[in-house]
Amino acid sequence: MDEIAIRIDNVSKLYKLYDKPMDRLKESLGFSKKKRYKEHYALSNVSFDVKKGETVGIIGTNGAGKSTILKIITGVLNPTSGNVQINGRISALLELGAGFNMEYTGIENIYLNGTMIGFSREEISQKLDDILAFADIGDFVNQPVKTYSSGMFVRLAFAVAINIEPEILIVDEALSVGDVFFQAKCFHKFEEFKEMGKTILFVSHDLGSIGRYCDRVILLNKGVKLAQGTAKEMVDLYKKVLVDQIETDTLENKESLEDKCDTLIWKNNYMVNPNCQEYGDGKAEIVDYAIIDSQQLYTNSIVKNTEFSIKLKVKFKEQIEEPILAFTIRDLKGTDVTGTNTMYEKVNINVKEPGQEIVVTFKQPLDLQGGEYLLSFGCTGYRDGKFNVYHRLYDVCNLTVISDKNTVGFYDMNSVIKVE
């Protein structure tokens with residue numbers, strides 16, 4: 001156990017779900033012998049170890065059990081069965097500020113939280129300057145926290161949690177608090193922890209951060225540990241889970257993922273932007289679309305420096321000569337980053353009769369920096385020398401680029417460096 005920081009041994013967490021509050025009351029008072037609840041296992045026989053000095057990520061869909069396992073490790077919840085062993089002092093970035101007293105000043109809450117974690121008043125005093133500098137909320141630290149803005153509150157809570165230098169750091173989506181400059185400071189501190197050889201357990205939906213920081217990744221699905229391995233292996237498997245294709249590999253007929261998805265509505269594999277801008281004269285319609293990674297998975301999470309494809313299915317309502325199909329990738333600020341169309345690529349599409357459908361596939365390497373982007377699609381063309389928009393879908397879905405190395409700007413030069 002000397003080399004193990006966290007040991008999870010067959011841990012389960014059962015919740016009793018009652019249809020009515022009265023049913024819970026009757027059972028607690030012993031008035032009912034009938035079972036009046038449904039059993040829901042948030043976790044079922046989960047086991048794993050985290051070695052000292054490791055950075056381990058936990059990923060999974062909503063409801064997979066990620067937050068539950070972290071709360072059990074930090075003592076917020078008790079397991080229904082199984083054992084948890086912790087070897088080291090923990091600081092948890094879960095529900096920031098959960099232990100704050102709203103009537104106390106910032107200074108008083110710093111000492112309160114530090115004491116709860118296990119530090120003496122003298123030890124906290126030694127860390128006080130670092131905490132105040134990190135939070136950077138000025139004289140507000142001497143005011144009751146109930147007077148703070150939400151931004152100041154999370155800055156102070158994060159500063160307390162991350163500056164006490166624990167042996168084990170537990171992080172649950174907490175690195176995205178505050179403004180962009182504070183986020184940069186948080187990530188820098190996180191990297192310092194990793195360089196110092198601290199043990200880190202990291203839960204995030206940001207697959208780019210998972211790939212960048214984690215030595216090993218655990219994939220949870222519906223309360224069960226599905227697998228563990230390298231970040232790339234687990235992200236690939238996670239993408240199968242996202243589109244309900246996790247059992248495809250065991251099909252007796254070995255039906256390919258692409259063949260299976262071709263029988264379905266492609267766009268159902270993605271979250272569609274409810275605020276998507278859609279317009280056009282209706283003479284053609286983009287009826288379906290897909291984003292496909294290098295493993296032929298229908299997913300909008302693509303690993304940087306791999307090939308991916310965009311498919312557009314278009315139905316023509318009228319005869320159109322040489323329609324132009326296009327896609328554009330924009331950043332979250334609305335800046336067009338890149339894109340292309342069939343005219344730029346010198347691909348001519350033949351005249352289409354009413355009722356006909358075509359599928360156009362754009363295949364290319366992905367050299368964009370890791371992060372979130374938005375995709376737009378279009379079907380346009382020229383008639384009698386005039387430009388016509390038949391159908392456009394602006395910011396219809398997102399594209400997540402997973403990267404363990406980002407450079408400057410929008411895309412990677414993929415430089416090969418030689419030192420002599």
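Strands are DSSP runs of E with at least two residues, numbered from the N terminus. The model examined here is predicted. In this numbering, Met-343 lies in the loop that links strand 15 (336–341) to strand 16 (357–365).

The protein contains nine helices and 18 strands. It has 420 residues, and 45% of them are buried. Among contacts with a separation of 6 or more, 71% join residues 24 or more positions apart. The protein exposes about 22,100 Å². Carbon and sulfur atoms supply 48% of that area.

Met-343 belongs to a nonpolar patch on the surface. The other members are Tyr-344, Tyr-382 and Phe-387. Together the four residues have about 450 Å² of accessible area. Met-343 has a relative accessible area of 41%. The residue therefore counts as partly exposed, because that class runs between under 20% for buried and over 50% for exposed. The value also satisfies the patch criterion of over 30% relative accessible area.

A second loop residue, Asp-293, gives another picture. Asp-293 sits between strand 11 (284–292) and strand 12 (301–303). Its relative accessible area is 4%. Asp-293 is therefore buried, since the cut-off is under 20%. The side chain of Asp-293 reaches the backbone nitrogen of Leu-297 at 2.8 Å. This distance falls within the 3.5 Å limit for a polar contact. Beyond four places in sequence, Asp-293 touches Lys-239, Thr-299, Ile-302, Glu-307 and Phe-308.

Helix 5 covers residues 150–163. Its geometry was checked against the expected span. The helix has 14 residues, so at 1.5 Å a residue it should span 20 Å. The span is taken as 1.5 Å times one less than the number of residues. The end C-alpha atoms are 20 Å apart, which agrees.

Helix 5 is mostly covered, with eleven of its 14 residues buried. Near its start, Met-152 and Phe-153 are buried. The buried set continues with Arg-155, Leu-156, Ala-157, Phe-158, Ala-159, Val-160, Ala-161, Ile-162 and Asn-163. An α-helix has 3.6 residues a turn, so residues three or four places apart point the same way.

Both ends of helix 5 have local features. At the N-terminal end, Ser-149 acts as a cap. A side-chain oxygen of Ser-149 lies 3.2 Å from the backbone nitrogen of Met-152. Met-152 is itself one of the buried residues of the helix. After helix 5 comes Glu-165, which has a positive phi near 50°.

Note on methods:
Residues are numbered from 1 along each chain as its sequence is written. This is a predicted model: local features need pLDDT of at least 70, side-chain atom pairs count only at pLDDT 80 or more; totals for chains, interfaces and linings use all residues. Side-chain values use heavy atoms; hydrogens and water are left out. Patches are made of residues with over 30% relative accessible area and no salt bridge: like charges are joined within 9 Å, nonpolar side chains (Val, Leu, Ile, Met, Phe, Trp, Tyr) within 5 Å. Accessible areas come from the Shrake-Rupley method with a 1.4 Å probe; for residues, only the protein chains shown count as cover. A salt bridge is a side-chain nitrogen of Lys or Arg within 4 Å of a carboxyl oxygen of Asp or Glu. Helices (H or I, at least four residues) and strands (E, at least two) are DSSP runs, numbered from the N terminus. Buried means under 20% relative accessible area, exposed over 50%, partly exposed in between (1.4 Å probe, protein chains only). A polar contact is a pair of N or O atoms within 3.5 Å; within protein, one must be able to donate a hydrogen and the other to accept it, and residues adjacent in sequence count only if both atoms are side-chain atoms. Contact means heavy atoms within 4.5 Å.
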